[in-house]
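Q: Got a minute to go through this one with me? I'd like to start with one of the sheets.

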Amino acid sequence: MTDVRALHEWVRGHRAQMIGDLAACTGLETPSTDRLLLEAGLSWLDGWVRARLGEPSSVQVTGGGRFGDVRVYDYAGSDAAPVLLLCHYDTVWPPGTLAHWPFTVDGDRATGPGVFDMKAGLVQAVWALRALDAAGLPRPPVRLLLNGDEEIGSPVSRPVIESAAAGVRAALVFEAAAGGGVKTARKGVGIYRVTTTGVAAHAGLDPAKGASAVDEIARVVLALHGLTDPAAGTTVNVGVISGGTRGNVIAGSASAEVDVRVSTAAEAGRIEAALAALTAADPRATVTVAGGWNRPPMERSAGIAGLFALARGLAAQLGVPLRECAVGGASDGNFVAALGVPVLDGVGAVGDGAHARHEHISVAGMLERTALAAAVLTELDGPAGAHPPPGKARPRGESR
């Protein structure tokens, strides 16, 4: 098995350079909805990737329209099947955030907008490859994907991600860790808008002539919340409702914005069927449903379990008791796992505060995770099936 401690020593020797790279990356504001800032950020990243890893064997660029472009870098390796490394460079932080919250390092703690989600992960992915090259260790071909629309659901990059996953042996997702744990299961996310249309009428003079859309949306909300099944890992939440015009007018229209989270494809099918079956109680009213699945569920497959077992064994060399967990949030790893590819998610930064003002990472954790990612990559070199070991699936949601 790979000597992870030797890789870790090399990475620790480059601590200052890695912090410098993280400072430069975090110092570029890349909010998901600002095209010009995303262009500037990706331009810097392109030069940085090439400077750190050399010229790739090929680069694919997909225009993002009003969002950030997607770049896929292919770096040659052994004759083994390639491994996909997924990273996003967009953040949730608006322009101007750096003016009052600059990148700062205080001991082991580094903070700044996007440092945890997921600019440290970007740095770790690139330096993991540098560590392998410096050690002269073999690795499979690597496909490094950078996208700039992950925080808004990856509307442009999804087909690029799915195409990039064709023929790969495994995927490592450099999203932040969850309490130090890697993520072997994620919920699928559905985003829907339900609209009810009734018949407007004067509430005092002609109440019988009206069919209340507000009454219908209230019934819909109760029906939707009734679909929640915590034991199955399913939640349905109506977060916003609106409707009507005035208190003395029977509402002619109303709507509800719905968030759905599911752990399995079977539950996704159940929710779809329930949404399709929604009907109005008043025959004069109608119910329509728009939207769909933003990301499919990432279910803990035997391949994912084996990939985690490999990583856990390697982490033990560093004295790190690596654990796994299932989380309610989704990532680009969901798309890849749905294609049957083993995915190890959350191999990025160790820290806390995603999307929050206390966002920060552990520098020591960044160095450990870099060495661990490098070790996983070199262990994945070789004939398919040699690694990872099969591993035994455990009940969903169990962490260890």
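Q: In what sense do S17 and S18 pair, and over how many bridges?
A: This is a predicted model, and in it S17 and S18 (residues 360–362) run antiparallel, joined over 2 bridges.

Q: Which residue in S18 is the bridge partner of Asp352?
A: That's His360.

Q: What's the strand order in the sheet, and is it open or closed?
A: The order is S4-S5-S18-S17, an open sheet of 4 strands with antiparallel pairing. S4 (104–106) and S17 (351–352) are the edge strands, each with a single partner, so one side of each has no neighbour in the sheet.

Q: Which strands does H11 lie across?
A: Helix H11 (residues 363–379) lies across S5 (109–111) and S18, at about 60° to S18.

Q: Switching to pockets: how much space is in the largest one?
A: About 390 Å³.

Q: Which residues lie nearest its centre?
A: Glu150, Glu151, Arg295, Ala330 and His355, out of 21 lining residues. The lining splits into 9 charged, 8 nonpolar and 4 polar.

Q: Which helix and strands each supply at least two residues of that lining?
A: Helix H5 (115–135) does, along with strands S8 (182–186), S9 (188–197), S13 (253–262) and S14 (286–295).

Q: What about confidence, what's the mean pLDDT of the chain?
A: The mean is 95, with 96% of residues at 70 or more. Over residues 387–400, though, pLDDT is below 50, and that stretch has 37 contacts in the model beyond near neighbours in sequence. Where pLDDT is low, the predicted coordinates shouldn't be read in detail.

Key: Residues are numbered from 1 along each chain as its sequence is written. This is a predicted model: local features need pLDDT of at least 70, side-chain atom pairs count only at pLDDT 80 or more; totals for chains, interfaces and linings use all residues. Side-chain values use heavy atoms; hydrogens and water are left out. Two strands pair if DSSP finds at least two bridges between them. Contact means heavy atoms within 4.5 Å. Axes are lines fitted to C-alpha atoms, for helices over the stretch in contact, and angles run from 0 to 180 degrees between N-to-C directions. On a 1 Å grid over the protein atoms alone, a cavity is a set of points where a 1.4 Å probe fits but cannot get out, and a pocket is an open set with protein on both sides within 12 Å along at least five of seven lines; lining residues have an atom within 4 Å of a point. Grid points are joined across faces, edges and corners, and a volume is the space filled by probe spheres set on the points. Ala, Val, Leu, Ile, Met, Phe, Trp, Tyr, Cys and Pro count as nonpolar, Asp, Glu, Lys and Arg as charged, and the others, Gly among them, as polar. pLDDT is the predictor's confidence in each residue, from 0 to 100.
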